[in-house]
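Thank you for making time this morning. I would like to walk you through one structure, slowly, and I will begin with its charged contacts before turning to the overall picture.

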Amino acid sequence: MAKRDREKSLQTKRKEKEEKRAQRKGEKDDRTSIQAGEDPDLEGLQWGPQPPLY
């Protein structure tokens, strides 16, 4: 009985892991499409010395 419970828990863990992998893969595809343009964090920055903040 203990072996059956252990195997069942292993199967559920494997299934959850596969679902997480599929989700991360989908998120990765979304990120690559955003990176095709200019990086929004670097938008508007100039090369060289920056003006003082204060």
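**One salt bridge**

What we have on the screen is a predicted model, and when the whole structure is searched, one salt bridge is found. Which residues form this salt bridge? The partners are Glu 18 and Arg 21, whose closest N and O atoms lie 3.0 Å apart, and that pair meets the criterion because the cut-off is set at within 4 Å.

Let me place the two residues for you. Both belong to helix 1, which covers residues 2–34, and because they are three residues apart there, about one helical turn separates them. Are they buried or exposed? Glu 18 has a relative accessibility of 46%, so it counts as partly exposed, and Arg 21, at 42%, likewise counts as partly exposed.

Now to the protein as a whole. It contains one helix and zero strands, and of its 54 residues, 0% count as buried. The area that the protein exposes comes to about 6,000 Å², with carbon and sulfur atoms supplying 53% of that area.

How values were computed
Residues are numbered from 1 along each chain as its sequence is written. This is a predicted model: local features need pLDDT of at least 70, side-chain atom pairs count only at pLDDT 80 or more; totals for chains, interfaces and linings use all residues. Side-chain values use heavy atoms; hydrogens and water are left out. A salt bridge is a side-chain nitrogen of Lys or Arg within 4 Å of a carboxyl oxygen of Asp or Glu. Helices (H or I, at least four residues) and strands (E, at least two) are DSSP runs, numbered from the N terminus. Buried means under 20% relative accessible area, exposed over 50%, partly exposed in between (1.4 Å probe, protein chains only). Accessible areas come from the Shrake-Rupley method with a 1.4 Å probe; for residues, only the protein chains shown count as cover.
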